[in-house]
Amino acid sequence: MDQLALLFALLLGAVVSVPVGERLRLPAPVLMTLLGIVLALADFVPNVDIPPDLILPLLLPPLLYAAVRRTSWRQFTANVRPILLLAVALVFVTTVCVAAVAHAIVPGLPIAAAVALGALVAPPDPVAATAVAGQLGLPRRLVSILEGEGLFNDVTAIVLYHVAIAAAVSGTFSPWEAGLDLVLSAVVAVAVGLALGWGANKLMDLLDDATLQIGLTLLVPFASYVLAEEFHGSGVLAVLTTALFLAEYATDADDVLTRLAGHTFWNIVDTLVTGVAFGLIGLELHNAIRTASGRWGEMLGWAAVIVAVVVFVRLLWLLPATWLTRRLHAKRDYDEDIPTSWRETVVMWWSGMRGVASVALALAIPLETDDGAAFPGRDEIVFVAFGVIMATLVLQGLTLPWLVKRLGVRADTDREKEFEKALAVRAAKAAKRRLREIEAVEELPEELSEQMLRRAFDIGMRISPDLGEDERREAHQQRVRRLKRVRRIQGEMLSAARHEVLAARSEPGADPEVVDRVLRHLDVRSLK
């Protein structure tokens, strides 16, 4: 098996792991990691030959962009307190604790290298957390916090990592310079992200074609990441800023086709890239095995200690942080997503799985320092990092569904239904307002006006069938049944038309481009 065949195997696994995971009630990323481990142990599978400095730029931008599409700037600002407590403060605390313990137990490991280890194992993986949480039916407030933490903690961790690596390589460290680098990195990233988001938004208006617009959204995350890194900013924060800007300002309510096609496209990208990313985590196991040659007992002991530090520091931080956030929340006049019980706090704790970023940072550690000496403790750092990744991702990922079921943590479906009903009412009222505006400038026949009024009511009823009184609901259900019958007949007619047009594609002299254009018209008509 060569590298290309291995890539196709991972892509196939990414597709198959989704239905298999749903049937087994296991997270697809965890299954892909297990597949990678199995492939890594097989003799016929080659070692992965991807430069470490390309892993983050190739995998993180599309994954982050796809994740941001599921959130909003308003949701982030509403949850900024718990997100910052996790994405910034907890990353700092975890880095310091891991660095102190690693420096104490690993002989000859300098403090700068220990900080690099702490920084690369500190951030939970955003893709793993959201993928796992999304399949378990957790309360939306927990999913929101996990998404926010996962999206922003990489920014803090990567900056700390680069500062620590620079100190270990050069042998010098200045806290003031490190703090200044952190601030400048964030400022440059936000500036690049906003500028690129604004430019992409304007370019989308000029393109005016769904295919080109969606293609542009694929390029933008990579451009944002690379451009920010080129100016010594945080590529991760730049991608997040660009994605949030586009999610806020580049959405046209009437551009139905682009929105539907874009949603499908990014679901495909998310599934494939996530599968490849977690498959690579398992495949990189051979690096850890190679570094442990002859020192298994000693290095496994170090890894176990660091795993315990990472896991329990998160718990010891979450308990008081959640209590403090809950106390402050009681004094606020707007909603903020916070855990409402110790059970939800425990689920948040156990959801702190490490993943793609940790692997890429571990493999990107330089081989030598500036004076030509070997990077201090590199083999030990790589092995311990993979120990943490495997323990948190596989162990916690496999047991999280059991823990959620055991604790009885479930989404508040009543609240979701109430919100859905409120949106349905707003949608129906907006449609009625527009109908009145049209009637004010156009003279509509009474029959047509009444029909349009029923259609406005139907808009809300289709979203939330609980709207309206029993008689109106029954009348609506009758109209729905009649409409379903009409649509079934119309669907069969359109199907016959599509088959006839498609058959013409194989006829002599037929122009495939014209056939495809007619077929697209029929397909769009089928969506209405």
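Helices here are DSSP runs of H or I with at least four residues, numbered from the N terminus. All views below show a predicted model.

**View 1. E380 in helix 17.** E380 belongs to helix 17, which covers residues 378-407. With a relative accessible area of 15%, E380 is classed as buried, because the cut-off for that class is under 20%. Leaving aside neighbours within four places in sequence, the residues in contact with E380 are V106, R295, M299 and W302.

**View 2. Helix 9 and the elements that cover it.** Helix 9 runs over residues 175-207. How far apart should the ends of helix 9 be, given its 33 residues? At 1.5 Å a residue the expected span is 48 Å, and the end C-alpha atoms lie 47 Å apart, so the two values agree. Buried positions along helix 9 are A178, S185, A189, V192, G193, G197, A200, N201 and M204. Among the elements covering these buried residues are helix 8 (140-170), helix 10 (210-230) and helix 11 (235-249). Just past the end of helix 9, D208 adopts a positive phi of about 55 degrees.

**View 3. S224 in helix 10.** S224 is a residue of helix 10. Its relative accessible area is 0%, so S224 counts as buried. Not counting residues up to four places away in sequence, S224 touches V192, G193, L196, A238, V239 and T242. Of these contacts, V192 and G193 are also listed among the buried residues of helix 9.

**View 4. The loop between helix 10 and helix 11.** H232 sits in the loop that joins these two helices. Although H232 is not a glycine, its phi is positive, at about 65 degrees. Is H232 buried or exposed? H232 has a relative accessible area of 68% and is therefore exposed.

**View 5. Packing of helix 8 against helix 15.** Two packed helices are described by the angle between their axes and the distance between the axes. For helix 8 and helix 15 (residues 342-350), the angle is about 35 degrees and the axes are 11 Å apart. Their crossing is right-handed. On the helix 8 side the meeting residues are R141, L142, I145 and L146, and on the helix 15 side they are E344, V347 and M348.

**View 6. Nonpolar cores and helix 16.** The largest nonpolar core holds 123 residues, and L117 and L120 have the most contacts inside it. Not counting residues up to four places away in sequence, L120 touches Y161, S358, L361, A362, I365, I381 and A385. A second core of 5 residues is separate and includes V501, V515, L519 and L522. Helix 16 spans residues 356-363, and 8 of its 8 residues are buried, so the helix is largely enclosed by the rest of the structure. The buried residues are V356, A357, S358, V359, A360, L361, A362 and L363. Three residues of this helix, S358, L361 and A362, appear among the contacts of L120.

**View 7. Salt bridges.** Side chains of opposite charge can pair when their charged atoms come close. How many salt bridges does the model contain? The count is 2. In one of them R434 pairs with E437, with the closest N and O atoms 2.9 Å apart. R434 and E437 both belong to helix 18 (residues 413-441) and are 3 residues apart, about one turn of the helix. R434 is partly exposed at 49% relative accessible area, and E437 is partly exposed at 45%. E492 forms a salt bridge with R488, and here the closest N and O atoms are 3.5 Å apart. Because E492 and R488 are 4 residues apart in helix 20 (residues 470-504), about one helical turn separates them. R488 is partly exposed, with a relative accessible area of 45%.

**View 8. A89 in helix 5.** A89 is found in helix 5 (residues 80-105). Its relative accessible area of 22% makes A89 partly exposed. A89 and N153 are 64 residues apart along the chain, and their C-alpha atoms are separated by 9.2 Å. Leaving aside neighbours within four places in sequence, A89 is in contact with L84 and W317.

Definitions and conventions: Residues are numbered from 1 along each chain as its sequence is written. This is a predicted model: local features need pLDDT of at least 70, side-chain atom pairs count only at pLDDT 80 or more; totals for chains, interfaces and linings use all residues. Side-chain values use heavy atoms; hydrogens and water are left out. The expected span of a helix is 1.5 Å times one less than its number of residues. Buried means under 20% relative accessible area, exposed over 50%, partly exposed in between (1.4 Å probe, protein chains only). Contact means heavy atoms within 4.5 Å. A nonpolar core is a set of buried Ala, Val, Leu, Ile, Met, Phe, Trp, Tyr and Cys residues joined through side-chain atoms within 4.5 Å. A salt bridge is a side-chain nitrogen of Lys or Arg within 4 Å of a carboxyl oxygen of Asp or Glu. Axes are lines fitted to C-alpha atoms, for helices over the stretch in contact, and angles run from 0 to 180 degrees between N-to-C directions. A crossing is left-handed if the near helix is turned anticlockwise from the far one by less than a right angle, and right-handed if clockwise.
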